[in-house]
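Trainee: Please take a close look at one part of this model for me. I would like to see how the helices pack around the core.

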Amino acid sequence: MGLGIIGWLVIGIIAGWLAEKVMGRNHGLLTNLIVGVIGALLGGFISNNVFGTPVGGFNFVTLIVAFLGACLLLFLLGLVKRRA
């Protein structure tokens, strides 16, 4: 079972919002969505290629992977911003 566009949006918003709170950032809804969706792609890529565990569907594991990917993304962006 795949994750449709509405599922991507919901998971992205939730993961982006959670990552924002954990990482101590303050963004708007659109930024949370973008960070969450890119984080989901990043987390899914790492999960599949590093750990050999494909993640998909609308479930708690997908949300956790998206959240961790979004936190990693915000961390990396913070490092880049600090160096600039």
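Mentor: What follows walks through two helix contacts and then the core. Keep in mind that the model is predicted.

Start with α1 (residues 5–23) and α2 (residues 29–49). Their axes lie 6 Å apart, at an angle of about 100 degrees. Angles of 65 to 115 degrees count as roughly perpendicular, so α1 is roughly perpendicular to α2. On the α1 side, the contact uses Trp8, Leu9, Gly12, Ile13, Ala15, Gly16, Trp17 and Glu20. On the α2 side, the residues are Leu29, Asn32, Leu33, Gly36, Val37, Ala40 and Leu41. By class, that contact holds ten nonpolar residues, four polar and one charged.

Now α2 against α3. These axes come within 6 Å and cross at roughly 105 degrees. That makes α2 roughly perpendicular to α3. From α2, the contact takes in Val35, Gly36, Ile38, Gly39, Ala40, Leu42, Gly43, Gly44 and Ile46. From α3 come Val65, Ala66, Gly69, Ala70, Leu72, Leu73 and Leu74. Here the split is eleven nonpolar, five polar and no charged residues.

Next, the core. The largest nonpolar core has twelve residues, among them Ile11, Ala15, Ala19, Val35, Ala40, Phe67 and Cys71. Two or more residues come from each of α1, α2 and α3 (60–83). Helix α3 gives the most, with seven.

Finally, look at Ala15. This core residue also belongs to the contact of α1 with α2. Leaving out residues up to four places away in sequence, Ala15 touches Gly36, Leu63, Ala66, Phe67 and Ala70.

Definitions and conventions. Residues numbered from 1 in each chain as written. Predicted model: local features only at pLDDT ≥ 70, side-chain atom pairs only at ≥ 80, totals over all residues. Heavy atoms only, no water. Axes fitted to C-alpha atoms, helices over the stretch in contact; angles between N-to-C directions. Helix = DSSP H or I, 4+ residues; strand = E, 2+ residues; numbered from the N terminus. Parallel < 35°, antiparallel > 145°, perpendicular 65-115°, else oblique. Contact = heavy atoms within 4.5 Å. Nonpolar A, V, L, I, M, F, W, Y, C, P; charged D, E, K, R; others polar. Core = buried A, V, L, I, M, F, W, Y, C linked by side-chain atoms within 4.5 Å. Buried < 20%, exposed > 50% of the residue type's maximum accessible area, 1.4 Å probe, protein only.
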